[in-house]
Amino acid sequence: FAVTIVATLAVYQLTQGIYPYSTKSVQEAVWLTQEYLALISVVSVGLAILMREINNQRRALEEKEYALRMHNSTLESHVHERTLLLEKANNALHEANIQLAHIASVDELTGIANRQHFRSEAQRELNRLKQDNQTASMILIDLDYFKRVNDTYGHGAGDFVLKSIAEPIRQSLRPKDLLGRMGGEEFFILLTETNVNSAANIAERIRQALESLELHYDGNMIKITESLGVAELNKHENWSNLEDLEYLTSRADQALYSAKEHGRN
């Protein structure tokens, strides 16, 4: 289009006797104009080819950019999906770990701490009390004549009794007190920052609560009693020379044996 305009103007000027060159010959002006127009045509064709190539490359780049955006969008979608799946897997793993930790630390029958978990937590608490120069007390509980329950009503009745007494014992304690099942019909309690007199009062409250229970199983009403032993580990004793938990448990066990010897309950 531009070449056509230039050629039209050149022809018009030639017909009007206007020569853009310093010449007086019409023939020479025509030749020069033809050369000029030829040069313009060649340059225009070259520019047109160049512009077409540029446009083609631009369209190719736009197509590649669009393809890249679509690819990135797909990748982002995949990454998002994988992230959600990973978060879900991590949450499931976390829940599984919590459940495993619960299973490892809780007595399956009664729902309270098992022996191993209780001993671990109790020793940790005694270490803290030792550093703070505080007093701790232990209560050991053993059901009286529990074998008779199993022999008379069956082991299902025995399991029922053990499950039934866990909550009344727990309700007699403070939130910071530790309750665990030693095994069989034996339970133990660690009372932090509690002297032996206060621990004895708590033990008596537990004894009364269990004695008043009326447990109904398979049409039978089961009454139980228990004996308890209480011991104290106080700041006046040389803690560093003691196997704290073993020492305290042993003394409470001696007291429990004395309760059994003196008539139980």
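Strand 2 (residues 178–183) and strand 3 run antiparallel and are joined by five bridges. The model is predicted. Within this pairing, Gly180 has Phe188 of strand 3 as its bridge partner. The two strands form a hairpin with two residues between them, and Gly184 there takes a positive phi near 60°.

Strand 3 also pairs with strand 1 (residues 136–143); this pair is antiparallel too, with seven bridges. Here Asp142 is matched with Glu186 of strand 3. The two pairings of strand 3 are set out below.

| Strand paired with strand 3 | Bridges | Direction | One bridge pair |
|---|---|---|---|
| Strand 1 (residues 136–143) | seven | antiparallel | Asp142 with Glu186 |
| Strand 2 (residues 178–183) | five | antiparallel | Gly180 with Phe188 |

Strand 3 itself spans residues 186–192 and is mostly covered, with six of its seven residues buried. In a regular strand, side chains alternate between the two faces of the sheet.

Strand 2 also takes part in the largest pocket, whose volume is about 190 Å³. Helix 3 (115–131) and strand 2 are the elements that give two or more residues to the lining of this pocket. Helix 3 supplies the largest share, three residues. The lining includes Ile112, Ala113, His117, Phe118 and Glu121. Also in the lining are Arg170, Leu173, Arg174, Pro175, Asp177, Leu178 and Leu179. By class, seven of the lining residues are nonpolar, one is polar and four are charged.

Terms used: Residues numbered from 1 in each chain as written. Predicted model: local features only at pLDDT ≥ 70, side-chain atom pairs only at ≥ 80, totals over all residues. Heavy atoms only, no water. Buried < 20%, exposed > 50% of the residue type's maximum accessible area, 1.4 Å probe, protein only. Helix = DSSP H or I, 4+ residues; strand = E, 2+ residues; numbered from the N terminus. Pairing = 2+ DSSP bridges. 1 Å grid on protein atoms, 1.4 Å probe; cavity = no way out; pocket = protein on both sides within 12 Å on 5 of 7 lines; lining within 4 Å. Points joined across faces, edges and corners; volume = space filled by probe spheres on them. Nonpolar A, V, L, I, M, F, W, Y, C, P; charged D, E, K, R; others polar.
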